[in-house]
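User: I'd like some help learning to read the features of a protein model. Could you walk me through this one?

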Amino acid sequence: PDTNEEIPAMELIITGSGAIYDFADSWSLGNDKAPWFEYRYNIMNVQLPEGLTYIGDYAFAFYWNTSWYNPLPSTLKGVGISAFYNVYFANELRLPEGLTSVGAYAFKSLNGAHDIYVPKSLTQIGNQGLSGLYSAEYYHVDAENPVYSGDGFGLIEKATITIIAGGLYTEIPDYVTIIAD
């Protein structure tokens, strides 16, 4: 809002199972935004159910007041483009084992998460999918992940030796040959 009026706090509880659809970005003129988009300033907490397998494009992008204290569902397999762009995750971002893909900008400009946990199942991260995490201090990457590794302070794509995400204290290792966007 453009005024100083108090914003009533709301909690969004998603129910059901399966996929949350892909939605249009916040600049789209159509009605294909998330049905809860107009409440983005009011939503302070979101609960996602077990059984959820996919979080669609722009589902929660630009929810500045939302704090994610609840874990992502263990049944999650994919996260769409900009799904959590510019959202606050308190303390940590723990991606569940079983998650295989994170879309471009999915967690871009994420605030609050100091520790990022990447499971062995995550084998596809879109452009800047886990970058721009302003509070990130440490990347924990499962040692059995076939695509990504972490030296603690950054996320590295093994095949190309590219650092694709870094944190507050990232020091680029000597063996890294490319720095991604």
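Analyst: Happy to! A strand here is a DSSP run of E with at least two residues, numbered from the N terminus. By that reading, Tyr-169 sits in the loop between strand S14 (162-166) and strand S15 (178-179). Keep in mind that this is a predicted model.

User: Is Tyr-169 buried, partly exposed or exposed?

Analyst: Partly exposed means between 20% and 50% relative accessible area. Tyr-169 has 49% relative accessibility, so it counts as partly exposed.

User: Which residues form a nonpolar patch on the surface?

Analyst: Tyr-169 joins Tyr-138, Phe-153 and Leu-168 in that patch. Together the four have about 390 Å² of accessible area.

User: Now the sheet. In what order do the five strands come?

Analyst: A general idea to start: side chains in a regular strand alternate between the two faces of the sheet. In this model, the order is S2-S4-S6-S8-S10, in an open sheet with parallel pairing. At the edges are strand S2 (18-19) and strand S10 (124-125), each pairing on one side only.

User: Which residues are bridge partners, starting with Ala-19?

Analyst: S2 pairs with strand S4 (residues 52-55) in the parallel sense over two bridges, and Ala-19 has Tyr-54 in S4 as its bridge partner. Moving along, two bridges join S4 to strand S6 (residues 78-79), again parallel; there, Ile-55 is partnered by Val-79 in S6.

User: And what about S8 and S10?

Analyst: Strand S8 (residues 101-102) pairs with S10 over two bridges, in the parallel sense. Here the bridge partner of Val-102 is Ile-125 in S10.

Notes: Residues are numbered from 1 along each chain as its sequence is written. This is a predicted model: local features need pLDDT of at least 70, side-chain atom pairs count only at pLDDT 80 or more; totals for chains, interfaces and linings use all residues. Side-chain values use heavy atoms; hydrogens and water are left out. Two strands pair if DSSP finds at least two bridges between them. Helices (H or I, at least four residues) and strands (E, at least two) are DSSP runs, numbered from the N terminus. Patches are made of residues with over 30% relative accessible area and no salt bridge: like charges are joined within 9 Å, nonpolar side chains (Val, Leu, Ile, Met, Phe, Trp, Tyr) within 5 Å. Accessible areas come from the Shrake-Rupley method with a 1.4 Å probe; for residues, only the protein chains shown count as cover. A salt bridge is a side-chain nitrogen of Lys or Arg within 4 Å of a carboxyl oxygen of Asp or Glu. Buried means under 20% relative accessible area, exposed over 50%, partly exposed in between (1.4 Å probe, protein chains only).
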